[in-house]
Amino acid sequence: MPNSKLTKTVVENASSKLTDYFIWDTDLKGFGVKIAKGGRKSYVCQYRTPGGRAGESRRLSIGAHGAPWTVDLARAEAKKILGRAANGEDPAADKQELKAQLTVGQLCEQYLAHGCATKKASTIATDKGRIERHIKPLLGRKRVPDVTRADIKRFLQDVAQGKTAIDAKTKSRGRAIVRGGKGTATRTVGLLGGIFSYAVDCGLIEANPVVGIKRFPDKKGDRYLSNNELAALGAAIRLSRSAGENSTALSILELLIFTGARRGEIEALRWSEVDFDSSSLRLGDSKTGQKTIAINAEALRLLKALIPSDRQKHVSSNEFVFPAYRGNGYYRGTPHVWERVRAAAGLQDVRIHDLRHSFASVAVSMGASLPMIGALLGHADSATTQRYAHFHDDPLRAASELIGNRIATVFNSHC
């Protein structure tokens, strides 16, 4: 492809060939994009060190095409590099020195500042927690180019075995309990993979040391309530309510049971998002963005019982269904009440999120398809719903039993 002004269309339409090649921007001399034979596209900047024609030619990688590097951002970065070169600096040499000295802790800070553009605030908050509680204590001081696959394997084992476990006082929440474990280790190594992928895109390292590391199976989604456990939970909630337990938290738990929604979606629910006419919740934001949740008659009953006396004022505004007792936010104390409720029900191993899995398991037992369950739960990716495929085993066995009984009745009948 001949050189031309680089635009998003030009870059994305550039096709890979048998060898690497470059497209140089006609508007900014020295700014270009490298098209690797495998299809990878990376922005580069080429300049000369001081000395005019006697100076050495340098080519500096800016980053891979895509978030965060758009054509405009890469062009702006190239202008900075060319400006520094014009002032007698050698940006490529400076970057090599930076690469040699950059620690994993510093890389994590760069990632949080520049590599999370497409992530939701709640996900970034979780990432920060894993970085501060696990990554920095174990790998933070290690230089990025020195991190090996062996280091990642050791990190995985250390987190799984509780090496980063703490129980400390904090200013914001009062107490931080970090246990580690296999699930935490697997998910934190996944985050590490994203951080090192960002480093590769920025040209800080050549290869991602996390790629190919075998992690522990993530068993999230395996726990759900049986009919007897669900009955025990219902009895525990009713008993807790009569004993004076926090009614807001109990109502949230009941809605979680009857909607299959995420805790944050119900806790932060606004009256403006409750559509009684269409029996649905129209969430302005969630883990997967805007979505609509179809709700059943029992969930509607629970919500109607919560309507304030001045309904019109609340429905026409953005007031929370479960407002905080102090301040203007929403109630966040459900986990503390849940610990007491699940203990009363004898369900100490059940998490609040398992109520969502239980909703899905009941849907499967009633004959709902996986696509239908995905729609009910608001999954953006069908692969997420696939984790419930094994729930089909019980209804299939039941159906097989009914068929077998029918065949046996006919087969063994006397003519």
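Which glycine follows H13, and what is the sign of its phi? In this predicted model, the residue in question is glycine 346. Its phi is positive, near 75 degrees.

Helix H13 itself spans residues 334-344. Four of its residues are buried: Thr334, Val337, Trp338 and Val341. These residues cover an arc of only 105 degrees around the axis, which puts them on the same side of H13.

One of these residues, Val341, is also in contact with serine 240. Serine 240 is found in helix H8, which covers residues 227-242. Its relative accessibility is 11%. Buried means under 20%, so serine 240 counts as buried. Neighbours within four places in sequence are left aside here; the contacts of serine 240 are then Glu245, Leu250 and Val341.

The model also contains an open sheet. Four strands form this sheet, in the order S1-S2-S3-S4. Their pairing is antiparallel. Strand S1 (21-24) and strand S4 (57-64) stand at the edges. Each has a single partner strand, so one side of each is left without a neighbour in the sheet. On average, neighbouring strands are turned by 35 degrees against each other, direction ignored.

Strand S3 holds residues 41-48. S3 and S4 pair in the antiparallel sense over seven bridges. Serine 42 stands opposite alanine 64 in S4. A helix lies across part of the sheet: H2, residues 71-86, crosses S2 (31-35), S3 and S4. H2 runs at about 20 degrees to S3.

Attention now turns to the nonpolar cores. The largest nonpolar core has 56 residues. Six of them touch the most other members: Tyr43, Ile62, Leu107, Ile135, Ile152 and Phe196. Helix H7 (residues 182-201) gives the most to this core, with nine residues. Apart from this core lies another, of 36 residues. Its members include Leu256, Leu303, Val341 and Leu355. Val341 thus appears again, as a buried residue of H13 and as a member of this core.

Isoleucine 62 offers a closer view of the largest core. Again, neighbours within four places in sequence are left aside. Its contacts include Phe31, Tyr43, Val44, Cys45 and Trp69. Ala74, Glu77, Ala78 and Ile81 are also among them. Asp201 and Cys202 complete the list. Tyr43, one of these contacts, is itself among the core residues that touch the most other members.

Definitions and conventions. Residues are numbered from 1 along each chain as its sequence is written. This is a predicted model: local features need pLDDT of at least 70, side-chain atom pairs count only at pLDDT 80 or more; totals for chains, interfaces and linings use all residues. Side-chain values use heavy atoms; hydrogens and water are left out. Buried means under 20% relative accessible area, exposed over 50%, partly exposed in between (1.4 Å probe, protein chains only). Helices (H or I, at least four residues) and strands (E, at least two) are DSSP runs, numbered from the N terminus. The arc is that of the directions from the helix axis to the C-beta atoms. A nonpolar core is a set of buried Ala, Val, Leu, Ile, Met, Phe, Trp, Tyr and Cys residues joined through side-chain atoms within 4.5 Å. Contact means heavy atoms within 4.5 Å. Two strands pair if DSSP finds at least two bridges between them. Axes are lines fitted to C-alpha atoms, for helices over the stretch in contact, and angles run from 0 to 180 degrees between N-to-C directions.
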